[in-house]
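Let's go through what the terms rest on here, one question at a time.

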2 protein chains.
Amino acid sequence: MDLKGYHMWLQYQPIKDKQYKKAIAPFLKNIRSVENSPVLSNAMEELAMGIKGMFNIEVNYNLSTEEGIVIGTTDILEKELGRDVKSSLHEESKEAFEIIKDEKKLFIIGNSVQGALYGAHHFLRSLQLKKTIDQLEIISSPKNDFRMLNQWDNFDGTVERGYSGNSIFFKNDQIVQNKSRIKDYARFLSSVGINAISINNVNVWEKETFLITKKHLAEVKKIAAIFRGYGIKLYLSINFASPMAIDQLASADPLDENVKKWWKDKAKEIYQEIPDFGGFVVKADSEHRPGPFFYNRNHADGANMLAEAVADFGGKIIWRCFVYNCLQDWRDRSTDRARAAYDHFKPLDGDFLDNVILQIKNGPMDFQVREPVSPLIGAMQSTNQLIEFQVAQEYTGQQKDLCYLIPQWKEVLSFDTYHKGEGSTIEEVVAGNIHPYKYSGIVAVSNIGDDENWTGNTLAQANLYGYGRLIWNPSLTSEQIAEEWIIQTFGEEKIVRETILDMLLKSWPTYEKYTAPLGVGWMINPGHHYGPNIDGYEYAAWGTYHFADRDGIGVDRTEKTGTGYAAQYQIENQRFFEDLDTCPENLLLFFHHLPYKYTLKSGKSIIQHIYDTHFEGYREVEELIELWNKVEAYVEETTFNNVADRLSMQLANAKEWRDQINTYFYRKSGIKDEKGRTIY
Amino acid sequence: MDLKGYHMWLQYQPIKDKQYKKAIAPFLKNIRSVENSPVLSNAMEELAMGIKGMFNIEVNYNLSTEEGIVIGTTDILEKELGRDVKSSLHEESKEAFEIIKDEKKLFIIGNSVQGALYGAHHFLRSLQLKKTIDQLEIISSPKNDFRMLNQWDNFDGTVERGYSGNSIFFKNDQIVQNKSRIKDYARFLSSVGINAISINNVNVWEKETFLITKKHLAEVKKIAAIFRGYGIKLYLSINFASPMAIDQLASADPLDENVKKWWKDKAKEIYQEIPDFGGFVVKADSEHRPGPFFYNRNHADGANMLAEAVADFGGKIIWRCFVYNCLQDWRDRSTDRARAAYDHFKPLDGDFLDNVILQIKNGPMDFQVREPVSPLIGAMQSTNQLIEFQVAQEYTGQQKDLCYLIPQWKEVLSFDTYHKGEGSTIEEVVAGNIHPYKYSGIVAVSNIGDDENWTGNTLAQANLYGYGRLIWNPSLTSEQIAEEWIIQTFGEEKIVRETILDMLLKSWPTYEKYTAPLGVGWMINPGHHYGPNIDGYEYAAWGTYHFADRDGIGVDRTEKTGTGYAAQYQIENQRFFEDLDTCPENLLLFFHHLPYKYTLKSGKSIIQHIYDTHFEGYREVEELIELWNKVEAYVEETTFNNVADRLSMQLANAKEWRDQINTYFYRKSGIKDEKGRTIY
């Protein structure tokens, strides 16, 4: 693929600054590794590719030279170097790396081969960002041990909630033969520190169930080998009813000895092929998927049975907490879907084996543009936890509309749970610093497909890049991450950097403005989840309501008068959300049912706020288009048109949102826009 | 197929009344025809089958006997009989028949072989209904020349708006090899006088386009032969862009000489295979189908070009008037979809060739449970017209909910257009008695599929039966038709007759009560059109809005203050609909936007009427269930369960409708139910 978009942020664009080139070039002529390892080979291949691209230097792989880059792991390099690198790295994560230099040499040292690979990527990124020779020295260690992606790829080649073409893993009910895109994907992921992936949809349908059988394991093994070379562990999503579907067992009861034995045998079979197989991702008892409830067992029974099967091999069970009643009667206001994950899992704290990790969506509902943080995260002190983000823009514009999500995730990570007093942020919880989790970290739904530019909208690449960078180092700011990504992707031209940075940072607030107001969510088209449909979920079975009537809108989730959801938080947060004076206004209608005439801190009524933000949101999309037009001369034509086309779709979408939301609430409230703008 | 449901109303159930059997039996021992014809052979086969079933008599085909049934056509039988049957039949339609008897013989005489076949069916029906020997004598002539069905069957085997399984004509992109169901379908249709059918969907997709090519014509010919044997002419729906799709012509412009020639050649090719081929059904320039508009031609240009191609062979072009802007902006209140057919076609009156027939849906929108009659019907005095009904219950419960549609069609037929003064009813218009149409009549979308009982819900068979019976003789009452159908289908047990009659007659009013109120329509789930979705079409591109706000609801279609649609009627009807005092209340919101507090003639406000009818509608479905349970002992178990299952689905559907409609309007109006019933 020669299109720039295909190479995402690994463009390795020629560096034009002669002085910089002159200063760095002497270090780039030779690369050597003191060890043999597929991961280090890939690291050296990447270094050679990057150096060729940026400096037009063909590197030598010269083992004896006294000038150049030396790459390897701490233990072996220490001996080789005859100097002490131990002090600075050995206390760090196994995946940490250090870059140090002497007059003629640069050492890229990892606590493991994976660490060294991350070091190589960091080094290349630093060159593209034109860090000075002194700035290259660094020690870096990932904040989170689990840095994972879930592909929602189906065996027929479709991608659930995919907005970038079809699967790069599956086609026509087979694993793809040509795996070159998988290798490139692994390169991109390793460059931002991703170390685990599950390649099939968490909804495991009939054919996907057989991924863990002889029929497909030989091909799965090949994919595992590709990812292994980039420090990424392979996981598979499994069907909890596999023993029945694959081998016609009478049951999938997790306490049934035959079922237990089946899974033990199955684990053995998989680990014989893939000794470092990560384990299973499980969506059970959720949205009609089978699970332990069917046998009157609980989630711990289900997860532990699987955990025992993989324990001897070092495997993990990643058990999703997205469990709720998806056949709710909309008439029933006593059930609150937001409560479901906490109600289901909190009572089981301590019951899970230590190679089980719960995977919890960032919010209590489902990846809305605005939700509070899930109260379950950090609420289980004896149960491993992962937080789940969604890089795929399911509810946030589907990679047509621009929505840079790093600010959203940063807000989530900075939320203070108070589980061990002030400072118990989500960031520290999932890093394992609040409770002594054996395993924890962050996972997200990927946003890629087989579109030439991987992500549909080229600017959506920033979310994948940023996801990896953020979870390695959550202290990076949204701006830093965006700037890194822009320079690597589009070059260092000032107008390009400033303009695209401006667009990215504005995009989430803009999207929020023209869609569902004040945190209420769900006013979206059912099924495909793009575009407005204010009552689309109002009479549905999914537990997703806004309760708008002629007087007001919102869901009362207080303990005092509502569903009691707010009481799932620590008392500090409960008070914070329940009190109208402190409840963040962008979540006001998530926690409270309020009249349209209720006055916000801005002095505006809710209804006027709705009108104003929707007119503003549309206007801001027009501004995004104006901004993008400014960079036309600096951006490859294909990419320019790709984004321009998407922005025009976004404008049409914002118009529908603006007019439908405003019309709906005007018709319902009868309250006119103070500014007399057109409402239909 | 041995299931009773399969045989629909041609059960030929044993007659138990010994006296009746004794009186009739002597006439039933022999059948003879004085002519050879496939149609008469089928008539005799049917007579033999029916007589065997009802009387357990194996008939003889005895040409010389002096006792029995003689069947034939007027001209030939006259000679044979040596008596004058001329006087009574020759003035009637070519399809008319007469049954006369002398002491030992019954004569079934048609003005054509088709007429004789209808006579045979009438005779068998009369026996099943236990008409006395004297009552058997009759002269019957169809009121309408065109009595047609449209199948909306796709080549892949699906049926658009089909609720009874898959196609009996197509499967896996082929015409079915085993055509036994097609033959049985032809039997059923001929038994109620249907004389024309189009077998493929009016939306002609890629593969269906090739039905008129060598690839498929040999198989089409076989189907035509089956139908020919039952007096039914075969039509095909065609793709207006066929010349481009099939033979890569550069255009489908109806005034292009190459295009004209292509269609002439094509017609010749088809008529070589099927000399009595009916002609083409065309949906053009409608819902994204190609048509003359693309070439800046009008519908007359398009239809006439095709009409010229088939004229020499006696072919007809049936041109659908379901043409409207399906990409309307919901913000635009100046466009009214209800106006579209009249606005498009009325100005073209006189421009169409005389083998073109316009096919006009009964209402101006699309087969809603309640619509006014289309103002286009009868408004074109020099253009042939067919009215189109929908036997398939697209918007009327999809053959889950019970909805006996004959009363709806009778209301339509009895509507007085005033086009030639009082008495210019739709019935007389489409019979060709108001304007001198060369061809006219009635067409409907069929409701059958490959379900064992043909129609999904066994009780939906009554709509297919009734459609045929009604359009042959519109003076039959809904009750008469229902009773005929019930006795033939379920037998003559009093409780069965009375109970099912009661159910059928109540069903349309009940369905109307729990769905969209007062004629406003469209509060249904978009796409599949089952179940409530009050705002489902409110912000859509289909031109289907109710404009409900906190104060009122409805579409102002008056000339004075609204879209002017009402002025498309003759002045008598315009005044009738525009005046709130005379406008039928069941169409009130179709023509007027009114406050919820507006008082109806009942003394109730609109909002209270909505609440009351929706509670009543649900209650009436419970009553339908109670009624059905009364006949359990008398109805075959499979059929009983079939209907019972559907009724329970209907109850769930009625509950959703009741609660969503009531809740929606309560939340919007804020007006409480006077009776304090539960609204959510």
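Two strands pair if DSSP finds at least two bridges between them, and strands (E, at least two residues) and helices (H or I, at least four) are DSSP runs numbered from the N terminus. This is a predicted model, where local features need pLDDT of at least 70, side-chain atom pairs count only at pLDDT 80 or more, and totals for chains, interfaces and linings use all residues. Residues are numbered from 1 along each chain as its sequence is written, chains are lettered from A and ligands numbered from 1 in the order in which they are written, and side-chain values use heavy atoms, with hydrogens and water left out.

Q: What makes strand 1 and strand 5 of chain A the edge strands of the sheet?
A: The open sheet of five strands in chain A has the order 1-2-4-3-5, with mixed pairing. Strand 1 (31–33) and strand 5 (138–140) each pair on one side only.

Q: How do you know in which sense strand 4 of chain A pairs with strand 2 and with strand 3?
A: Look at the bridges. Strand 2 (residues 68–73) and strand 4 of chain A are parallel, over six bridges; one of the partnerships is A:Thr73 with A:Gly110. Strand 3 (residues 97–101) runs antiparallel to strand 4 of chain A, with five bridges, and A:Ile99 has A:Ile108 as its bridge partner.

Q: Why is strand 4 of chain A called largely enclosed?
A: Buried means under 20% relative accessible area, exposed over 50% and partly exposed in between, with a 1.4 Å probe and protein chains only. Six of the six residues of strand 4 (residues 105–110) of chain A are buried, so the rest of the structure largely encloses this strand. Both faces are covered: A:Lys105, A:Phe107 and A:Ile109 are buried on one side, and A:Leu106, A:Ile108 and A:Gly110 on the other.

Q: Why are the two copies said to be related as by a two-fold rotation axis?
A: Superpose them by least squares on the C-alpha atoms of residues with pLDDT of at least 70 in both. Chain A then lands on chain B with an RMSD of 0.0 Å, after a turn of 180° and a shift of 0.0 Å along the axis. The copies are thus related as by a two-fold rotation axis.

Q: How do you know that the copies meet through the same surface?
A: Contact means heavy atoms within 4.5 Å. Of the interface residues of chain A, 100% are also interface residues in chain B, so the copies meet through the same surface.
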